[in-house]
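Trainee: Could we go through this structure together? I should like to begin with the overall fold and then turn to local details.

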Amino acid sequence: MSDTDEHGRSALNAAVDATIIAVRRMFYVLGDDIDRTEGPIEFTFHTGATLLLDAGVDGTELRIGAAPWRDPFEPLVDPVNIEYVAISGKYTAFDVTDEPPYDSLLGRRVDAVSVLPLPDGRPQAATLYLGEALVKAESIADELIVTLSPA
């Protein structure tokens, strides 16, 4: 995800009128423990387009992208990376399309989107409006907090 394209806003705007067909969340995994409280969210639409929302490296900016999330450790073959992941863990993608509460998003059309900007104009949060439901993704202290309000 880059700063070009007005901080990814065209990827966000491209979601308008698209129907959600899949949802992935990236959760932090350490051994057998999975932290499902935060992490990037990715939508796939009937058009084939992708919308990825993630916390920026500065801990305040919301990163918005049109490419699917890619695991920076895959393939996990480097001994240094293998040791690091064993000790510290890593984000891992999970298809949550059929899991509550994400299952309520399947087949919903994005009617509108909005962005909450930081003082310098970069996005801090974005909301997808899906009829009576909404999805808000907000970068807070290096974490992406996702709030779902199903109809």
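Trainee: What does the secondary structure of the protein come to?

Mentor: The protein has two helices and ten strands; these are DSSP runs numbered from the N terminus, with helices being H or I of at least four residues and strands E of at least two. This is a predicted model, in which local features need pLDDT of at least 70, side-chain atom pairs count only at pLDDT 80 or more, and totals for chains, interfaces and linings use all residues. Residues are numbered from 1 along each chain as its sequence is written, and side-chain values use heavy atoms, with hydrogens and water left out.

Trainee: Which pattern does the protein follow along the sequence?

Mentor: The order is α-β-β-β-β-β-α-β-β-β-β-β. The radius of gyration is 15 Å, close to the 15 Å that the globule rule gives for 151 residues, so the protein is as compact as a globular protein of that length. That radius is taken over C-alpha atoms, and the rule is 2.2 Å times the number of residues to the power 0.38.

Trainee: And what does the C-alpha trace span along its principal axes?

Mentor: The trace spans about 45 × 35 × 25 Å. Buried residues, meaning those under 20% relative accessible area (exposed is over 50%, partly exposed in between, with a 1.4 Å probe and protein chains only), make up 39% of the 151 residues.

Trainee: Let us turn to the strands. How many bridges join E1 to E6?

Mentor: Six bridges join strand E1 to strand E6 (residues 90-95), and the two run antiparallel. Within this pairing, Arg-24 has Asp-95 of E6 as its bridge partner. Two strands count as paired if DSSP finds at least two bridges between them.

Trainee: In which sense does E1 pair with E3?

Mentor: Strand E1 (residues 20-30) pairs with strand E3 (residues 41-45) in the antiparallel sense, over five bridges. Ile-20 stands opposite Phe-45 in E3.

Trainee: What about E1 and E2?

Mentor: E1 and strand E2 (residues 33-35) are also antiparallel, with three bridges, and Tyr-28 is partnered by Asp-35 in E2. Their hairpin has two residues between the strands, and in it Gly-31 takes a positive phi near 60°.

Trainee: Which residue other than glycine has a positive phi in the loop between E9 and E10?

Mentor: Ala-141 does, with a phi of about 50°, in the loop between strand E9 (133-140) and strand E10 (143-149). Ala-141 is exposed because its relative accessible area is 62%. Asp-17 also has a positive phi, near 75°, and lies in the loop between helix H1 (4-13) and E1. With a relative accessible area of 47%, Asp-17 is partly exposed. Most residues other than glycine have a negative phi, and most peptide bonds are trans.

Trainee: Where is the cis peptide bond with omega of about -5°?

Mentor: That bond joins Glu-74 and Pro-75, and Pro-75 sits in the loop between strand E5 (62-65) and helix H2 (79-88). A cis bond also joins Pro-100 and Pro-101, with omega about 0°; Pro-101 is in the loop between E6 and E7.

Trainee: One last residue: what does Pro-117 touch?

Mentor: Leaving aside residues up to four places away in sequence, Pro-117 touches Arg-9, Arg-122, Pro-123 and Gln-124, where contact means heavy atoms within 4.5 Å. Pro-117 lies in strand E7 (residues 112-117) and counts as partly exposed, at 45% relative accessibility.
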